[in-house]
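Please report on the fold shown here. Cover the cores, the sheets and a handful of individual residues.

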Amino acid sequence: MKHRLLITVFAAVLLAGVAVGYTALSASTGEAAHSISAGSASGPRLLVLSNGQLTTVSSTDPNGPREVTAQRCDRVYGAAGTISCLRPVGALKAGELAVLDSRLNELRTVPLTGFPNRTRVSASGRMVAWTLFVDGHSYAANGFSTSTGILDTKTGALVRSLEEFSVEGMAQLPADANFWGVTFTADDNRFYATMSTAGHRYLVEGDFAARKARTLVDNVECPSLSPDGTRIAYKAAVGGDPQRGWRVSVLDLATREITPLADTRNVDDQPAWIDDRTVAYGIQRDDGTNDVWAEPADGSGEARVLVPDASSPAPW
């Protein structure tokens, strides 16, 4: 149903003339041959950003025709009919979180200050999280600072910064603490994220209702919980040093066994599970263009381009 609703909106958007902008975009990116008229897509989809525009592609044919909307985002994620779009609204650092439904109607906006970096939606579509850089532009840099918040779209409860949470075993949150990269569990209350302090980057488990968190293991950044809730895909700093880059790995939450995935390239992204067996992420080419890559979550096989000229993958 949600796909049909989204398709209806696409058609309205195109009829309203937004297609003019897309035509120009397609001409500049070489995507015109892969574009289709809205309303002809069916089956499971992937949500991605294509040159900054909210786009869906077929999960079974991600290289095939695309449906590109006029909605622009810097980062996007979606689940169960809820779309989180981090987008600029003005010059410099002014931006906002836009929570959209499957018709692309705005349900709520939250003004934000900083550079959009990560966003996630819980599997039910209820919880939305985001991370911004408020100082610096890279997790490998010294002195960077992030701001990570969570919105409960059902109750309206808004936590603008996880630094409001207490951390088990810490009488006071360290002054250098930073949180980023939230991923939600199925109960819409617990979540995982990264907390850095004193040179460590811990995987933390948070309790939204209790406004508290606890550290689990070190050297886990940008976690992403598998659909079955048993594993965390994340970027692991090579040798524990972010300046050497990151490699996507998978942590088994029960056994704490770590499986480095086959791709040994530097991956500076929050992975996304396409299904229980496949992890996807964006990698930027030398010319600045992004591609979405995917590889088996068990460390076998090799990485392949899943969606060319795209970023911010999410199953949809």
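A nonpolar core is a set of buried Ala, Val, Leu, Ile, Met, Phe, Trp, Tyr and Cys residues joined through side-chain atoms within 4.5 Å. Buried means under 20% relative accessible area, exposed means over 50%, and partly exposed lies in between, with a 1.4 Å probe and protein chains only. This is a predicted model: local features need pLDDT of at least 70, side-chain atom pairs count only at pLDDT 80 or more, and totals for chains, interfaces and linings use all residues. Residues are numbered from 1 along each chain as its sequence is written, and side-chain values use heavy atoms, with hydrogens and water left out.

## Overall make-up

The protein chain holds one helix and 25 strands. Helices (H or I, at least four residues) and strands (E, at least two) are DSSP runs, numbered from the N terminus. The chain has 316 residues, and 50% of them count as buried. It exposes about 13,500 Å², of which carbon and sulfur atoms supply 50%. Accessible areas come from the Shrake-Rupley method with a 1.4 Å probe; for residues, only the protein chains shown count as cover.

Contact means heavy atoms within 4.5 Å. Take the contacts between residues at least 6 apart in sequence: 43% join residues at least 24 apart.

## Two cores

The largest nonpolar core has 25 residues. Leu47, Val76, Ile83, Leu97, Leu112 and Trp130 touch the most other members. Strands β1 (45-50), β4 (75-79), β5 (82-88), β6 (94-100), β7 (106-113) and β9 (127-135) each supply at least two residues of this core. β6 gives the most, with four residues. A second, separate core has 16 residues, including Ala129, Phe179, Phe184 and Ala193.

## Strand β3 and Arg66

Strand β3 spans residues 66-72. Five of its seven residues are buried, so β3 is largely enclosed by the rest of the structure. Strand β2 (residues 53-58) runs antiparallel to β3, and four bridges join the two. Two strands pair if DSSP finds at least two bridges between them. Gln53 has Arg72 of β3 as its bridge partner.

How accessible is Arg66? Arg66 is buried, with a relative accessible area of 5%. Its side chain makes a polar contact of 3.1 Å with the side chain of Ser50. The side chain of Arg66 also reaches the backbone oxygen of Asp309 at 3.4 Å. A polar contact is a pair of N or O atoms within 3.5 Å; within protein, one must be able to donate a hydrogen and the other to accept it, and residues adjacent in sequence count only if both atoms are side-chain atoms.

## A five-strand open sheet

One open sheet of five strands has the order β12-β16-β15-β14-β13, with mixed pairing. Its edge strands are β12 (166-167) and β13, and each pairs on one side only. Two bridges join β12 to strand β16 (residues 212-218), and these two run parallel. Val167 has Ala213 of β16 as its bridge partner.

Ser161 sits before this sheet's edge, in the loop between β11 (158-159) and β12. At 17% relative accessibility, Ser161 counts as buried. Leaving aside neighbours within four places in sequence, Ser161 is in contact with Thr148 and Gly149.

## Positive phi values

Two residues other than glycine have a positive phi, as tabulated below.

| Residue | Phi | Relative accessible area |
|---|---|---|
| Asp188 | near 65 degrees | 14% |
| Cys222 | near 50 degrees | 0% |

Asp188 is in the loop between β13 (178-184) and β14 (190-197). Cys222 lies in strand β17 (residues 221-225). Asp188 counts as buried, and so does Cys222.

## Val238 and its loop

Where is Val238 found? Val238 is in the loop between β18 (231-237) and β19 (246-252). Val238 is partly exposed, with a relative accessible area of 30%. Not counting residues up to four places away in sequence, Val238 touches Arg244, Gly245, Trp246 and Arg247. Val238 and Val248 are 10 residues apart along the chain, and their C-alpha atoms are separated by 9.8 Å.
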